[in-house]
Amino acid sequence: MSVCVLDCDELSLFAAIATHLKLATFAECVAMAELISVSNCAAFNAQYGENQQSASLNDIERGALDRLAKKNFVGRAIGGLTYNMVANNGTAYIGALAASRDDVTARSEFDRLAAIEKQVSAWHKAECRRIERQAEDDQAFTEVGPLPILTDEELKAKMLASGASRLIYAEFRVDESDSQSDYWGGRSGRRVVIGFGTGKRESFKQLRVAAAQFPPTAEYAPGHDRYTVSLKWDHDRNDDPNRAWISFGDGNGWNPDHPRKGQSVLFHWYKDRFTGEQGRIGFKFSTQAECEAFIANNPPLDGTEWSTSSESFEHRENYSMGGGNYLGIGRYCGWSVRSTTSLGNCEYFEPPTVEKRLKRLRATATPMVSELYAANV
């Protein structure tokens, strides 16, 4: 059975949580953690023949006190102290007790430790998940804080007053997919009505116009999608053997045995030669015009040519188990924009008026533009 060495931080975290949950006194929890460390090192030495020094009582005590004072109970996952890490179902732990206790007492103390560890592990996992969920939910409020909540009747009244028949809303989703259990889905962290639409069916044009006015979804505005500019080989080895062996940098670049025209050049070997927002396989842009400007100002490396690919924010998943029509990056994560006829009570974002937009533009305009505006008012 494999054995992992426990560090002082893991042991002090165990002692701090056990104390916080009042499963034992602070002195007992620290002493228990020290004994775990001693038996853990004994198990590791027996397994691999390598001497490991156990954590001292003072170090564990200081770490546990610091965590208790700061109420910091986040750290490496706790689990297996009494089995995998201590090894052989606690025989090393019981052996460490044997010098001062009889076998029955040692086994009883080990069983108590196992019960405490189970409670500590369960609480720690739940606490880490709570903090993680809170951080995920907070992302939905980073750009726009809490907004007024309107009832379903109030939202429908606004919709009818504007001559519309559909509510356009933005939803922030958190991906909770788990490949191990074959679960694919997410939860809703926030919903905000951001506009109104006409017609009985979704109109991506209307969704994009509404999305452009809501800061978190402004990247879904009309004419915006996900564009990537990357390098491709512009020749085939068989057609041009003299240029088949191309090196980027000081001989450290990629030299494929058989480069083919249109084959991608590995991004990380050339990305620092150009200035731009870097994606996974190239430089990221929001519009076709930005791609063309980048290509015009950045000649490709010898033997290569620029290639542009795009991925639309518009999704039409109108198949069984699909996500329907929506704007966004994906079904289960980030902001998406949809429309519906009824939503229930929901936050409402008042789109800025023309005058508000003018004030915002004037505030961010260059001095020359501001002077021209003032001269013509």
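A polar contact is a pair of N or O atoms within 3.5 Å; within protein, one must be able to donate a hydrogen and the other to accept it. The model in these views is predicted.

**View 1. R187 makes polar contacts with D137 and E176.** The side chains of R187 and E176 form a polar contact of 3.0 Å. A second one, at 2.8 Å, links the side chain of R187 to that of D137.

**View 2. R187 sits in strand β3 and is buried.** Its relative accessible area is 12%. Buried means under 20%, so R187 qualifies. Leaving aside residues up to four places away in sequence, R187 touches eight residues by name: R129, R133, E136, D137, F172, R173, V174 and E176.

**View 3. Seven strands make an open sheet.** Their order is β1-β10-β3-β2-β9-β8-β7. The pairing is mixed. At the edges lie β1 (149–150) and β7 (314–317), and each pairs on one side only.

**View 4. Strands β3 and β10 run parallel.** Strand β3 covers residues 186–197, and β10 covers residues 346–348. The two are joined by 2 bridges. V193 stands opposite Y348 of β10.

**View 5. Helices α5 and α7 pack on the sheet.** Helix α5 (residues 103–139) touches β2 (166–175) and β3. The direction of α5 makes about 15° with that of β3. Helix α7 (residues 204–213) touches β2, β3, β7, β8 (324–328) and β9 (334–340). The direction of α7 makes about 30° with that of β8.

Conventions. Residues are numbered from 1 along each chain as its sequence is written. This is a predicted model: local features need pLDDT of at least 70, side-chain atom pairs count only at pLDDT 80 or more; totals for chains, interfaces and linings use all residues. Side-chain values use heavy atoms; hydrogens and water are left out. Two strands pair if DSSP finds at least two bridges between them. Helices (H or I, at least four residues) and strands (E, at least two) are DSSP runs, numbered from the N terminus. Contact means heavy atoms within 4.5 Å. Axes are lines fitted to C-alpha atoms, for helices over the stretch in contact, and angles run from 0 to 180 degrees between N-to-C directions. Buried means under 20% relative accessible area, exposed over 50%, partly exposed in between (1.4 Å probe, protein chains only).
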